[in-house]
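Here are a few exercises to work through with the model open on your screen. Try each task before you read its solution.

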Amino acid sequence: MKRVHLTLALAALLTTTPVLAEDGTLTVWADATRQPAVEAFIAAHPEIKVNLVVDDGSSGASGTFQTKISLADQAGEGWPDVVFSTQNNDAAWASKETNGVQPFAQVLNEGFLDAEFLKGFTPGALDPVTVDGKVYGLRNDLAPVLFWYNKTLLAEFGYDAPTTWEDYQALGDKLAAEHPGYFLGAIGDSFEGPYVYYWSGEAPIFQVEGETFKSDTAHPNSKKVSDLIDHMVANKTLTLDSLFGASFVANASKLVAIPGAAWYAGALFQNPGNVNAKAGDWVAAPPLTWKDGAKVTGNVGGGVWYASSHTANPEGVKTFLKFIVSDTKIAGTGGLPAYQSAADAWLDGQAKSGFFAGDFKGAISTAAASVWSGWGYPNFSPETAWAKVITPGLAAGKTMTELSADWQQEMKNEAQVVGYTVE
Amino acid sequence: MPPTPPPASRSHRRGSVERAQGRIGLAFVTPYALFLLAFGLLPTLYAIYLAFTKKGAFVGFANFLKVFKDYRFLPAVEHVGIFLVVWLVALVLLVVVLAIMVHSIGMRWLSGTMRFVYYIPGALAGASSVMLWLFVLDPTVSPVAFLLEAMGFDSLVSVVQADRLPFVLAIIAFWTGAGGWIVVMYGALNNIPREVLEAARVDGAGPIRTAWSIQIPLMRKWIAYMVVLSFAGGTQLFVEPRVLAQASRGVVSQDYSLNQLAFLYAFKQSDFNGSAAISLVLLAVALVLSIVFVFKGGLFERA
Amino acid sequence: MSAHENSGPARALTPAEWLGRAVTILVLITFALFFVVPLIWLLIAPTKTDRQLLLEMPFAFGDFSTLAANWTSLVTFQGGLIWQWIGNSAFYCGAALVITLLISIPAGYAMALTEFPGRRALLATTLVVMLVPGTALVLPIFLELSAVRLIGNPLAAILPFSFFPFGVYLTYIYFSTAVSRDLLDAARIDGATEFEVFLKIAMPLATPVIALVGFFNFTGNWNNYFLPYVTLPGKKAPIQVGLAELLSNVPAFNPTNAASTTISLSALALATLIAIAPVMIVFLFCQRFLVSGMTAGGTKE
């Protein structure tokens, strides 16, 4: 008897089918920062069911997105309908077939979304996700680096706001001498170093030409950035804390100024769990440049929404994508929306609220229009090498000058592994 | 008790009984043999096939060469190697010493309690034990923050720096696995006849000499068993550095161990051939160890 | 169990012996603390808020309302995902347990008490495979399952989980030591068929080894991370994989999630506790039992 039952149980088990019911539910993978926006979509479109899976958004180039898609490719199921990634370089792999499985990313510009809608993006916003004329994703926000400073604190200390990297460093010296404990930025995450400092500082660290990857940490501009970082880490005006770590938040009232992306607006200054600035204290100023350098800046992510080529509900996906990138209330998720009309609405709203002092709209528009083009989007990120070599190196008391050759080597090695020719 | 053959007096029935036994024996081992085939032999053969081919064409050792030349391969070997040395030395020394100590205390309740307490963490393995250690190693929340701070660590990142990581991993592995081995060694010590230990004491041997010249030699097989299993298991390092990589924002790199590298080959580079090559190297190490131990180690003489 | 303690006839300890004894006990207690302190901390952590975790005494108890709040935030996380993970684990491990027992017990019996061609070869193979760590075969098994399109199917965990050579070996050792061939022969003389001999004579004696094999199989599978991580992606993941996924929702470990906190540190501690609870409970109840199993490999009684 027992055996019969067991055999039946076994038979039932073996015939269990793994396929879930296809009811048109959209499965969306996004990070926690995007959660409120997805919830806003659910509220606005109750007719479309959404299943949000919160992940790390591949932050720090963790590769979550690619790994999970590879696994789904092997399973032959389990693909999401829409994915958000904080990285800008996923199109490099998502546009390619792997082991006989179709490319994950849906081509969006050849009929999937109407050309009229796509034209609404800020010019150049879709460049990082365009491969051979095909658009594989929609930018969530533009993330040009600008210069944020606390004008109340600067006035109290009697300093002028810097406009060049040289002035910024000099301000660090004064601050360290006269007001120790106050500081001018952080370099504890893997994105500030490469994007905020090296990219903005016109350092040719991460360049792609065709199938060739180039990185030159010995270039004069690279050296200038390394010296700047070393100098300011040494006098403690650059902290090694993560922007979102407990100790940065605890010291946030001593933050005097910080070069950083447009999305710092929502993620830091207007975030009650972070800097939580007082209205009117902080100014968004045009990006810092070298005294004799070009008027350019860097870019920190900005994130991309991808549609799955496997989706069973393309109409739902279209509705979702259009809403999430262009809705005037939520697009940009705390940063500068990549979609022009939403960007205008966000800028006007910020200007009207008066939270940020100074010419907020002017500064952000200047920055958005001057992102330095000498930075590539290969199939890997400078962040993994930074986290592996620089973060622990700096924590152990080494300097950028000592570490930058290793960093360069690590990036070149990574490039080689994914198939680039390395110079 | 060794298995005894059936007595000869029943020889008249012997033939048919043996045939019946043979039939049921075969029937009983067939499902197991099929699993052995499906999840032992076949995956190995398939991995061999993948490792020596590329897009279905035979390529000799090309996949292996590519993997060995990969800039991540040698560091991964080095990481795993250092971890193994640290861990195995600590494991052998501490397990033997602790087992002898537990065995030497007269108070039965104390020795029982100790074994029990040492054994509990064995319930945790994989992701959950690393998760727990994330808390213990993060100076901001750690219950032993004072220790970490005394050693000069102020953040998780500084605790899991590359040169300390083998020690961190060894501590986690020791915490999870040592208790079980202490219990095993204790059992082995119990098998040593009391008279032998008594005689040693009468001869004037102190506890240290007794341990060195009587107890440890008699535990040798078990120590070898522990080393073989731990070594083979240690080469497979995967979940610990993986979870640490997730938690340390990449400071512990995703290509820290060999298995992680094989994983990256499969899921990041979509190169199953390279992945199979690494897996095969690891499998070969484990197999060689295991074969040598089974046939030379003397622990399984009955077989 | 024979008396094995070194107590001997009562006599006074010399100062050196006394010192040795004191050092021994001190060392043992130090290690006991090492083993048990992290677990005690884990029991307390979910009763606190993150702020309390960061600022207060590590071993101070928080309060039950915080525990309740952490519980709520965890079980409502993504619509009760944690229960789905636990359910997956229970399904995979439970099904594998049944199959493992159905396969290992007869196989071990046959290898111990019957003669058939290839017995010694099978036994030697079992020993060798048993010592190869399970993780060594994960990627090859993944590649194999992927070739037959089984990835993502529950069988992709259940079948590999049911392959348990150590269980076969334990059963083999048990039957060849605890059950005598004479007993079986006696039954045969009474006219029992071979199958009846197994079912009526051997099986009733096998309860301890069934429990032992079941325990090792279940706990090993419950704690397995690598195999289900690659063979069962997404919502089909078991709790160990889910636990690691939770990490990416904890801002303290994954800093870009700035805007909204979804899982707090204390809720993560609670999740860890829930993940280990089933195994921990079995563990605490079967401790004695396990010890005999772990030594069964080679002691000769």
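**Exercise 1.** Is the crossing of H4(C) and H8(C) right-handed or left-handed?

Step 1. A quick word on the model: it is predicted, local features need pLDDT of at least 70, side-chain atom pairs count only at pLDDT 80 or more, and totals for chains, interfaces and linings use all residues. Residues are numbered from 1 along each chain as its sequence is written, while chains are lettered from A and ligands numbered from 1 in the order in which they are written.

Step 2. Find helix H4 (residues 81-113) and helix H8 (residues 165-178) in chain C. Helices are DSSP runs (H or I, at least four residues; strands are E, at least two), numbered from the N terminus.

Step 3. The crossing of H4(C) and H8(C) is right-handed: the near helix is turned clockwise from the far one, by less than a right angle, whereas anticlockwise would be left-handed.

Step 4. The contact takes in, among others, Thr100(C) and Leu113(C) from H4(C), and Gly167(C) and Ser176(C) from H8(C). Contact here puts C-beta atoms, placed from the backbone, within 7 Å.

Step 5. Sorted by class, that contact has 10 nonpolar, 6 polar and no charged residues. Nonpolar covers Ala, Val, Leu, Ile, Met, Phe, Trp, Tyr, Cys and Pro; charged covers Asp, Glu, Lys and Arg; the others, Gly among them, are polar.

**Exercise 2.** Work out how H4(C) and H8(C) are oriented to each other.

Step 1. The two helices pack at an angle of about 45 degrees, with axes 7 Å apart. Axes are lines fitted to C-alpha atoms, for helices over the stretch in contact, and angles run from 0 to 180 degrees between N-to-C directions.

Step 2. H4(C) and H8(C) are therefore oblique to each other (under 35 degrees is roughly parallel, over 145 roughly antiparallel, 65 to 115 roughly perpendicular, the rest oblique).

**Exercise 3.** Describe how domain 1 of chain C touches domain 2 of chain C.

Step 1. The domain assignment, automatic or from a database, gives domain 1 (15-75) and domain 2 (81-295).

Step 2. Their C-alpha centres lie 30 Å apart, and the contact uses 12 residues from domain 1 and 11 from domain 2.

Step 3. On the domain 1 side, H3(C) gives the most, with 5 residues. That side has 7 nonpolar, 3 polar and 2 charged residues.

**Exercise 4.** How many residues of chain A are in contact with chain B?

Step 1. 22 residues of chain A meet 16 residues of chain B.

Step 2. H15(A) supplies the largest share of the chain A side, 6 residues.

Definitions and conventions: Two residues are in contact if their C-beta atoms, placed from the backbone, lie within 7 Å.
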